[in-house]
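The questions below move from a single pair of strands to the way chains meet, and each is answered in turn.

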6 protein chains.
Amino acid sequence: RYNVPPSAEFVARVSGIPTMAKLPYQETADGLDAAFVGVPIDTGTSNRPGAFGPRHIRMESALLRAYNSGTRAAPFESLMVADIGDVNVNVYDLKDTCKRIREAYRKILATGCIPLTMGDHTIAYPILQAVAEHGPVGLVHVDAHADTSDVVLGEKIGHGTPFRRCVEEGLLDCRRVVQIGLRGSGYSPDSYEWRQAQQGFRVVQAEECWFKSLAPLMAEVRAQIGSGPVYLSFDIDALDPGFAPGTGTPEIAGLTPIQGVEIIRGCRGLNLVGCDLVEVSPPYDTTNTALTGANLLFEMLCVLPKIKYY
Amino acid sequence: RYNVPPSAEFVARVSGIPTMAKLPYQETADGLDAAFVGVPIDTGTSNRPGAFGPRHIRMESALLRAYNSGTRAAPFESLMVADIGDVNVNVYDLKDTCKRIREAYRKILATGCIPLTMGDHTIAYPILQAVAEHGPVGLVHVDAHADTSDVVLGEKIGHGTPFRRCVEEGLLDCRRVVQIGLRGSGYSPDSYEWRQAQQGFRVVQAEECWFKSLAPLMAEVRAQIGSGPVYLSFDIDALDPGFAPGTGTPEIAGLTPIQGVEIIRGCRGLNLVGCDLVEVSPPYDTTNTALTGANLLFEMLCVLPKIKYY
Amino acid sequence: RYNVPPSAEFVARVSGIPTMAKLPYQETADGLDAAFVGVPIDTGTSNRPGAFGPRHIRMESALLRAYNSGTRAAPFESLMVADIGDVNVNVYDLKDTCKRIREAYRKILATGCIPLTMGDHTIAYPILQAVAEHGPVGLVHVDAHADTSDVVLGEKIGHGTPFRRCVEEGLLDCRRVVQIGLRGSGYSPDSYEWRQAQQGFRVVQAEECWFKSLAPLMAEVRAQIGSGPVYLSFDIDALDPGFAPGTGTPEIAGLTPIQGVEIIRGCRGLNLVGCDLVEVSPPYDTTNTALTGANLLFEMLCVLPKIKYY
Amino acid sequence: RYNVPPSAEFVARVSGIPTMAKLPYQETADGLDAAFVGVPIDTGTSNRPGAFGPRHIRMESALLRAYNSGTRAAPFESLMVADIGDVNVNVYDLKDTCKRIREAYRKILATGCIPLTMGDHTIAYPILQAVAEHGPVGLVHVDAHADTSDVVLGEKIGHGTPFRRCVEEGLLDCRRVVQIGLRGSGYSPDSYEWRQAQQGFRVVQAEECWFKSLAPLMAEVRAQIGSGPVYLSFDIDALDPGFAPGTGTPEIAGLTPIQGVEIIRGCRGLNLVGCDLVEVSPPYDTTNTALTGANLLFEMLCVLPKIKYY
Amino acid sequence: RYNVPPSAEFVARVSGIPTMAKLPYQETADGLDAAFVGVPIDTGTSNRPGAFGPRHIRMESALLRAYNSGTRAAPFESLMVADIGDVNVNVYDLKDTCKRIREAYRKILATGCIPLTMGDHTIAYPILQAVAEHGPVGLVHVDAHADTSDVVLGEKIGHGTPFRRCVEEGLLDCRRVVQIGLRGSGYSPDSYEWRQAQQGFRVVQAEECWFKSLAPLMAEVRAQIGSGPVYLSFDIDALDPGFAPGTGTPEIAGLTPIQGVEIIRGCRGLNLVGCDLVEVSPPYDTTNTALTGANLLFEMLCVLPKIKYY
Amino acid sequence: RYNVPPSAEFVARVSGIPTMAKLPYQETADGLDAAFVGVPIDTGTSNRPGAFGPRHIRMESALLRAYNSGTRAAPFESLMVADIGDVNVNVYDLKDTCKRIREAYRKILATGCIPLTMGDHTIAYPILQAVAEHGPVGLVHVDAHADTSDVVLGEKIGHGTPFRRCVEEGLLDCRRVVQIGLRGSGYSPDSYEWRQAQQGFRVVQAEECWFKSLAPLMAEVRAQIGSGPVYLSFDIDALDPGFAPGTGTPEIAGLTPIQGVEIIRGCRGLNLVGCDLVEVSPPYDTTNTALTGANLLFEMLCVLPKIKYY
């Protein structure tokens, strides 16, 4: 009744076209409860480029199996899931690409399917334009950077500005926004004030996360977010570059993958209407960043509404 | 009427599931004139391993376009081509894998489809078992190694023995066999004698190829092979490791990619019944071996019977 | 009286044939208390290959010195140790390789020497066949995976099945077995039950290890294992891939090297009859996986019976 | 009287800020006969990205010395040369970047300085807008691709279209244009016709270059170009990817570095008014592409007008 | 009034000559409060070489911004800082290089400028010769190794001996010395005794740092060091090789970058007279070691005397 | 009667301690006709470091077999050959290292054994001091650089000066010296004059080698060298960096491996008294430089006096 990734007990891992988790590929989201989608851009990137993120995450996802041994979730017994390929981006014009993304997500969401997206962080803006069409949504934003700059190099659109644009357009319910893992050097002391004091975001600096489990934090986050719709946006650079070197603007002293998993597992029970895992940059991924991304996407799938647990 | 790779003029190269040349994927060869097939094994390998060859060649094939600007061939206006995925190999048992391959190719060939295969060199044996079911075939074998050892580590089956097995089983029309590019250190002086003197193969050492175009050689080869069915087996290690480092048993002072292209283009007019491009080892492919493999497979497609040229 | 690695105070680290810790090489285990042994296979591997594990661990072991500054152990003043090279594996037949391993270890063990082995995880099965010839043994198994599958791709022997085979053949004293570090996605919820409920293994999921010292756990393990013979099997993928990327089936959110060291140091006092460090895959070792393996093997040597501490 | 790179006989190569050839850095072109300039973009790129080309070429240029031992040119006894840094590109908007480039080059050219540029191929369009302000110029274009597409992904500006734009705007004297090294698969057979038959370009396919010295070709090119102003544009992908893997759209069976050097040395005597070396992509430069770029830029400097030879 | 790194909001990160943090380059320390200096040697290295440390740290430092979002320090509103390039080392004679370093630092210190140095650990000896000219100084030494060997390979000078030499020459106030992060195998048990018992150093083994914040330790260190002049020497191999693989003698189970940052931030209030970040080895830096070094140098700058905090 | 490398037909390539060609290791040259020796230094290097050359060449030499299929030489049926390990260099003092090398080679040569050395180019000087003890010798020097600088960074000894020192000490019979493959930028036009006009070397620039077989050149070289003793020194950077990227001072447009093999095979018949293959730098060897070095050393072995050919 559901699509299930082929088990490596019967089909060799090295075999097969690399869709996400080797799920079937279909062109649209019709009939799906959730879908993996790629948006292969990096034109929004300011430092190190690399647009094959979705492709490499798919490659590494061949190691994923059907069942979550940590949480006992069985996503492929609960939801109809497939890989619906990539949005056809315009690699020469970032603004046009954003329009293409917004239209593509309107169509996906119209089918009732929850998208799990791979891309760069610029895409959060047009995706949220589509997601928040019927009202502002909450946001769990895991990242080393706030991505709330106003203008960069004279431009309003880029991977450092999406959530500023979202606030301006009323796409976010700002009291139901949390940012986790922020750190690194900054342009000025003002940015923190704008987000926390003026907009009412909850901002959790990386320093507040050091040396401890984030399970207690996530209990607070669930209370903050409540039962309304919420979007989960996870920038892989939230993780320390020791674990995720393949990204464009790495900052040291970040979260561990354990904490990343805790954050996602801590979203269980929220009314998630979409998720993304962004900023995986294959040319700098000398170790296992894409594999980590694939696992985090699997963990996201495992906390979507209606997932069955053993 | 035919499948055509999406042009990068309209679909971004970075976008899409990585089938070969981004052609459609279909599960069987039904209705196809030619098909790309993967056999992702390396259990036949003696030195450096790497079984993701087909997957990486597909990844790099995103750069292929529809038309051959060197020969003016237009394969996708001539034949119905698709990617039919991988044979489901048994990575724990090489002998069982060989059986699976033979069966898979019997089915492919039964549809009248010409397979263009990616794998390791062990696979040439079971593929030729299928190809030669109705009689021995000629062979254009491009390689640094003769692959005619009798027994290696006590085993009859491996990537050093396929053509010995083929000769023993009468799968090859030995007067219509040519081996091009052989070189490197060897176990004994006997091997050369066995092939050339006893079996009647034409053996062209790499030294005979140095510093010159192979177009004249290929004219001789076409005369030798004649109009009967012939199989083209191209081991990427035929090329010098400066151009194709991603392989398991590299030998220095080999062919250039130019010569590799000349050999394939020189097969135009032959009655090709199957082709393979083998021994691409992604973990050692720090440069462009998989890309080279993708291009050589494209060149093979461009010399199949019935291809139209502008 | 004992073999001692040459000190870099007198012999340049860059100098010399790369045996393990630059110890003397000898062909057999005669006269040794402990020996480093390589079993360079990966034919049991299901995902990413790489058979040069022993060779690269030896290369990186040039940095090892004679004395353990963390525990004050002086292994080379306590035991006669050498590198006895590699088992001559059959890279084309995994079953035959297993026979060769069992025979080789019977000979090593007959001399009274304790083997410290480098290889893939398939080898635990034939090694334990030799080790347990005179009765079942306990097992400290550190790994991301349980390796207790019954059949994979139709095969009974592979790197996912060794401990299932060991249980079936009565090689393990199941109440004296502990598995530490298990995690990742799985094929089904059944595997956990089989091990913990039916066989009586103690299973410690990675989640139980997050954020804390494993010294208390190891006190419990020592109590569980008692004074009988015990084998230590350490799969490098027990460690988080941020620290050990060079392995075939990495799983995120694993143990830290600190915890790995704690586990081994926590085995001090146990009656260790053999140890292995497996699944180092050099082609994927872009950082220091082999070096980590070399250090963990040194830590194993430092907890063998009869080691002197300052 | 002239800037001279510090000799490694007196200043260690590893020492110093990495300007081009370790020449002095100055902010403008004032007082210079020639200048190295960087345009660090890759937003015009269609396949593999990498915008740090200028930075890495500068790094590798530390190996350059003052004198050309092949041609006996002494450029630093002939011209005042410096590194004038990078154009401040807008990484979020390619069209705005093109404007910035055009303005920057107008200023450079106004000082009488000849720019030697590092960047991607999109930049040839705005540079030639500045270069050809007082009339169309000739062009020696060395490349695997014609870069004369009309529209790609709906866009007029990108690294596949610059010379189409230049023709449309009358920037090129088309009878004094030569393209050398073209090859690979293409979108259609039409492109060749457009350039050769309609525009009157001389087009030299890579196939015409195989196996031979290009010195005779360059004698013909010098006759074709004559004494008028000419621009030299060298895409590193003209070279075979065995020699220059670090580029975005590599095509096999290309030119050798020897042939690349011959082409540049063959430009001696031409009235060169500007040169570029483009498409070096550091994340894919696992070997010596940037070093090759640095050497080719040095060879370009050695054939500028007024260079003294010993 | 002060030099400020160009903000990526106005100047693209990929643009510009790679000085440290893209600060202005000047030839001497005149007029500076603090300066970044490179000493590009590795002739003192015993295991893995790599002398381009300073160059690569500068490259990666392009990501640094002006303000420390973790501590709210604003160094570029507090001090005049520049990059003063590299000491011109003699790569063929380590002893002569040491003389050159000592002279260079005498000149830097004579201007009242605080040097922040990149190099290998050999350099700590000649730098401290210059720093301690007017009396012994305290030392915060963060490292995997004590670097207090007497003689290595018959030599007094190398990266394993600098602090032995410093003690012998009375450059250190030994009761105000702390060593943090020591671990790994050693030549003998004697070294620890020499430092702790005989010289009065405080020695903090890595094992004492495992699993916890080092903020409490640094409170003790500040009490130990008091208000006298102190030098901070940070060997990148203090960090676990999972985070900093690009170094010559990596030891597993080390400090995390979080702990490294805590140590440096814990030096706030000390009378720092110089700092170094050493042993970054680019050829082994497959991930982000140089980036980590750049960030640690920025953190050092942020705790110098007279820094303003928001 | 002779040592023979284990055939991969019986011993798996991945198995065994990595001596050169897996030959037996012995501590001295006693009883040998020829020996492989390592001198693991790079302190003579001016650009990119890397002292593990010998170790990596040994690793890659596992692919060598007993018989030369190109020339039909059977070296292991002709000479007694072994690997005698490395000279114990002083990595902290290049001058002391040179003394150690000279002494070591005096001992090797005293046994009548011909050394085949791996190292950096500095070593040619002390080796030739030992080799020429009974009179000057001829020299076949294959290299991108002349290595005849007088002083570099104030030093007489380094990898740029060995043959200047040899000339000064009368170690070379200058009319019997040939240098092949020289190219790249230079410090001044004087160096060429010094060698060719004043000393009487035959100097063959790389440009003279482009596009052609070097067999005719080697006929001339054999005539020039005659029957006296001659030393063969082959710097891997003679080869184009497309084939041998793993070296410290690569220069583009160099020799091909085919030409390298032709030069060595062209030495057949000369009275070779020693050979070296130098400047392999493993950290930069992303492809097959060490493998190429291993093959070239094998080719050198195959042209030593008294080799038998089939």
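**Strands, helices and chain contacts**

Q: In which sense do strand 4 and strand 10 of chain F pair, and over how many bridges?
A: Strand 4 of chain F covers residues 114-119 and strand 10 of chain F covers residues 271-278, strands being DSSP runs of E with at least two residues and helices runs of H or I with at least four, numbered from the N terminus. Two strands count as paired if DSSP finds at least two bridges between them. This is a predicted model, in which local features need pLDDT of at least 70, side-chain atom pairs count only at pLDDT 80 or more, and totals for chains, interfaces and linings use all residues. Residues are numbered from 1 along each chain as its sequence is written, and chains are lettered from A and ligands numbered from 1 in the order in which they are written. The two strands pair in the parallel sense, over four bridges.

Q: Which strands stand at the edges of the sheet of chain F?
A: Eight strands of chain F form an open sheet with parallel pairing, in the order 3-1-4-10-9-5-6-8. Two of these strands have a single partner strand each, so one side of each is left without a neighbour in the sheet: strand 3 (81-86) and strand 8 (202-205) of chain F.

Q: At roughly what angle do the axes of helix 2 and helix 3 of chain D cross?
A: Helix 2 (residues 94-110) and helix 3 (residues 124-131) of chain D have axes that come within 8 Å, the axes being lines fitted to C-alpha atoms over the stretch in contact, with angles from 0 to 180 degrees between N-to-C directions. The axes cross at roughly 35°.

Q: How many residues of chain A are in contact with chain C?
A: Contact requires that the C-beta atoms of two residues, placed from the backbone, lie within 7 Å. On the side of chain C, 26 residues take part, and their partners in chain A number 30.

Q: Which residue stands opposite A:Tyr67?
A: Strand 2 (residues 67-68) of chain A and strand 7 (residues 185-186) of chain C run antiparallel and are joined by two bridges. Opposite A:Tyr67, in strand 7 of chain C, stands C:Gly186.

Q: As by what kind of axis are chain C and chain A related?
A: Superposed by least squares on the C-alpha atoms of residues with pLDDT of at least 70 in both, chain C can be laid on chain A with an RMSD of 0.0 Å by a turn of 120° and a shift of 0.0 Å along the axis. The two copies are therefore related as by a three-fold rotation axis.
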